[in-house]
Amino acid sequence: MPRSRRRAEPDRRVPPVHGPEEPGGRDTAERQAERRYAGSGTATASNERYRQLIGQGVRGLSVAFDLPTRRGHDSDTPRARGEVGKAGVAVDSLDDMRVLFSGVPLDAVSTSLTIDAPAALLVLLYQLVAEEQGVAVSRLTGAVRNDVLAEYIARGACIFPPGPSLRLTADVFTYCRAEMPGWNPIVVSGHRMAEAGALPAQEIAFTLANGVAYVRSAIAAGLDAAEFAPRLSFRFAARTTAPDEAAVLRAARRVWARVLREEFGAENPRARMPRRPARVPAPARATGPTAAVVPLAGSDAVREAADALETAALELLRKVEDLGGAVGALERGFQVDDIERGSGRAARGTGSGERDRADPAVEARQTERIAKLRAWREQTRVRHALDMLKKAAESDVNVLPPMKDALAAHATVGEVCGALREVWGTYRPGDAGTRPGADRG
C-alpha cells in the first residue's frame, strides 16, 4: 500500500460487489465444487466417509486435520497427548495420507486442505499419493488453507516465526505454479480474525494487509503480481444480515482494487474480487472507532456503511505499512493489540475450535502405526533427506523439493517440522520467535 498521507477516500470507481444471494455473487471456484467437510479420528475412518460421499456423487472434499498435525507434532509425542484425532484427522506420514485417499480418484475430485503452518507438507503428501495412483499432477485441483499470518493474529496453530513462515508460504507459491498449476496455493482467511474479536474494518484491513504481504513475497520469489494476485482467495466472516455482509464485501473489494492498482499496477478485474464470505457468523458489534455503520436496508445504507468501512480500513492499512507491513506489525503485536482494544476482549483460542474429548484408542493406533513405520523404513535414507532439507532451509533455495524427498522416504510430519525448527526456530505467542536451539514447541 503506498504510504501516501492523503486522507483515505472511498474508491467509487470499483462497481458494487454482489451480495451473497444476488446473481453473480458466487465465485467460479465455488461453482466448480460443492465441498463436503469430512475428516476426524483416523485416516481409515475418514477414508470410509470420503468414499461414501463420492458414491453419492460428491466431487469436492474439504479435509480438516487435527491440532498435532497442524502444529507439526507426531501423534506419539507428549505435546500431542489428548488431541490426536480430535476436530480433524491425524496424519503423521505418507502412510496415513495413502490410507486417507485410498480408492479416492484424485483426478476426479477437488480437495481443500485446512492446515495452515504445515501446508507445504500436506500438499506434498497429496501429490505423492496422486503419483502413486498414476494421476498426472497437472490434473490435481483444489486449495490449501495456507494463511500463516492470520494464525499469529488469531493466536492459532503457529510453528515457525513469521519471517520463515512467510518464506515457506512463498516456496509453496512457486512450487505450485511449476508443479501443480491447478492448485490454489492459499486461502486468505479473514473470518478467523472476526472470530478472535476483530471488528469489520479490522477484519478487512488486516486480511488485506496479509494479502499484500503474500503478493510481495510472491514477487520476491520471481512471480508476476498480475498473474499471482488472481489466485488469492479471500474468506470473510458472514454477517447477521445481508446488508451488513454486502457492505463488508464492497469495502474489501474497493480497498483491494486500490492496493493492486496503486502498488502493484495490476488492472485485471479478476485480481480485485474478494471471494464469497465463509459461512462463519461473527458476533454483531457496532461500537468502537472502527465499527461498521449497521445498515437498516436499501442501497443507500449499504453504500454509506461501505464508505465508512473503506475509510477506516485504509487508515488501518497505512498504520500497518508504517510498522513495516503485516510481518513488521505482527512482530510488534499491533494487530492483536488493536483487535483487543476494539472488541474489548482478548483474542482467544488455539485454532481447534473444538472442546470434544479425544478418543484414546485413536492416539494408541497412531502411536502403534508410527512405531511400525520407524521399524521398517530405511533410516539412513531418512536422515540424509532431512539433512538436505536443513541445508535448503539455511539457504534461499525452495525447500519443497527436498521436503518432498524426506516425506517420500517416510520421514514423519513431526520430523520434517523438527528439522526446520532446528534452522528457523520456533514461534512463541507475544514474541517474534526464538532463536534456533531454544524452545522446540
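Among the contacts in this protein chain between residues at least 6 apart in sequence, 79% join residues at least 24 apart. Keep in mind that the model you are looking at is a predicted one. Its secondary structure comes to 18 helices and seven strands. Of the 441 residues in the chain, 60% are buried.

**A buried strand**

Let's begin with strand β2, which covers residues 60-64. How many of its five residues are buried? Five of the five are, so the strand is largely enclosed by the rest of the structure. In a regular strand, side chains alternate between the two faces of the sheet. You can follow that here: G60, S62 and A64 point one way from β2, while L61 and V63 point the other way. Whichever way they point, all of them are buried.

Next to β2 in the pairing is strand β3, made of residues 110-114. The two strands run parallel, and five bridges join them. If you want a spot to look at, find A64, which stands opposite T114 in β3.

**Rings that pair up**

Now for the aromatic side chains. The count comes to 10 aromatic pairs. Take F206 and F334: their ring centres are 6.1 Å apart and their planes sit at 85 degrees, so this pair is edge-to-face, the cut-off being over 60 degrees. Where do F206 and F334 lie? F206 is in helix α9 (residues 200-220) and F334 is in helix α14 (residues 334-343), so the pair ties together parts that are 128 residues apart in sequence. Both F206 and F334 are buried.

Then there is the pair of F234 and F236, which is stacked, with 6.3 Å from centre to centre and 10 degrees between the planes. F234 counts as buried at 1% relative accessibility, and F236 is buried too, at 0%. Elsewhere, ring pairs link Y50, F101, Y126 and W183 into a cluster.

**Back to helix α9**

Helix α9 also holds N210. Is N210 buried or exposed? N210 is buried, because its relative accessible area is 0% and the cut-off for buried is under 20%. Setting aside neighbours within four places in sequence, N210 is in contact with D147, L149, A150, I153, V188, M193 and A326.

**Two helices crossing**

Another pair to trace is helix α16 (residues 379-394) with α18. Their axes come within 9 Å and cross at roughly 40 degrees. The crossing of α16 past α18 is right-handed. On the α16 side, the contact is made by V382, L386, L389, K390, A393 and E394. On the α18 side, E415, V416, A419, L420, E422, V423 and W424 take part. What classes of residue make up this contact? It has nine nonpolar residues, four charged ones and no polar ones.

**Some loop residues**

The loops have a few residues to pick out as well. Here are four of them, with the loop each one lies in and its relative accessibility.

| Residue | Loop between | Relative accessibility | Class |
|---|---|---|---|
| A87 | α3 (67-70) and α4 (94-100) | 26% | partly exposed |
| A154 | α6 (148-153) and α7 (162-179) | 11% | buried |
| R332 | α13 (325-331) and α14 | 54% | exposed |
| H410 | α17 (400-408) and α18 (413-424) | 10% | buried |

Two of these loop residues are listed here for their backbone angles. Phi of A87 is near 60 degrees, a positive value in a residue other than glycine. For H410, phi is near 75 degrees, again a positive value in a residue other than glycine.

As for R332, which residues does it touch beyond those up to four places away in sequence? R332 touches L323 and D337. R332 counts as exposed because its relative accessibility is 54%, and the cut-off for exposed is over 50%.

Finally, look at A154 together with G190. These residues are 36 residues apart along the chain, and the C-alpha atoms of A154 and G190 are separated by 9.7 Å.

Terms used:
Residues are numbered from 1 along each chain as its sequence is written. This is a predicted model: local features need pLDDT of at least 70, side-chain atom pairs count only at pLDDT 80 or more; totals for chains, interfaces and linings use all residues. Side-chain values use heavy atoms; hydrogens and water are left out. Rings of Phe, Tyr and Trp (its six-membered ring) pair if their centres lie within 6.5 Å; planes under 30 degrees apart count as stacked, over 60 as edge-to-face and the rest as tilted. Helices (H or I, at least four residues) and strands (E, at least two) are DSSP runs, numbered from the N terminus. Buried means under 20% relative accessible area, exposed over 50%, partly exposed in between (1.4 Å probe, protein chains only). Two strands pair if DSSP finds at least two bridges between them. Axes are lines fitted to C-alpha atoms, for helices over the stretch in contact, and angles run from 0 to 180 degrees between N-to-C directions. A crossing is left-handed if the near helix is turned anticlockwise from the far one by less than a right angle, and right-handed if clockwise. Contact means heavy atoms within 4.5 Å. Ala, Val, Leu, Ile, Met, Phe, Trp, Tyr, Cys and Pro count as nonpolar, Asp, Glu, Lys and Arg as charged, and the others, Gly among them, as polar.
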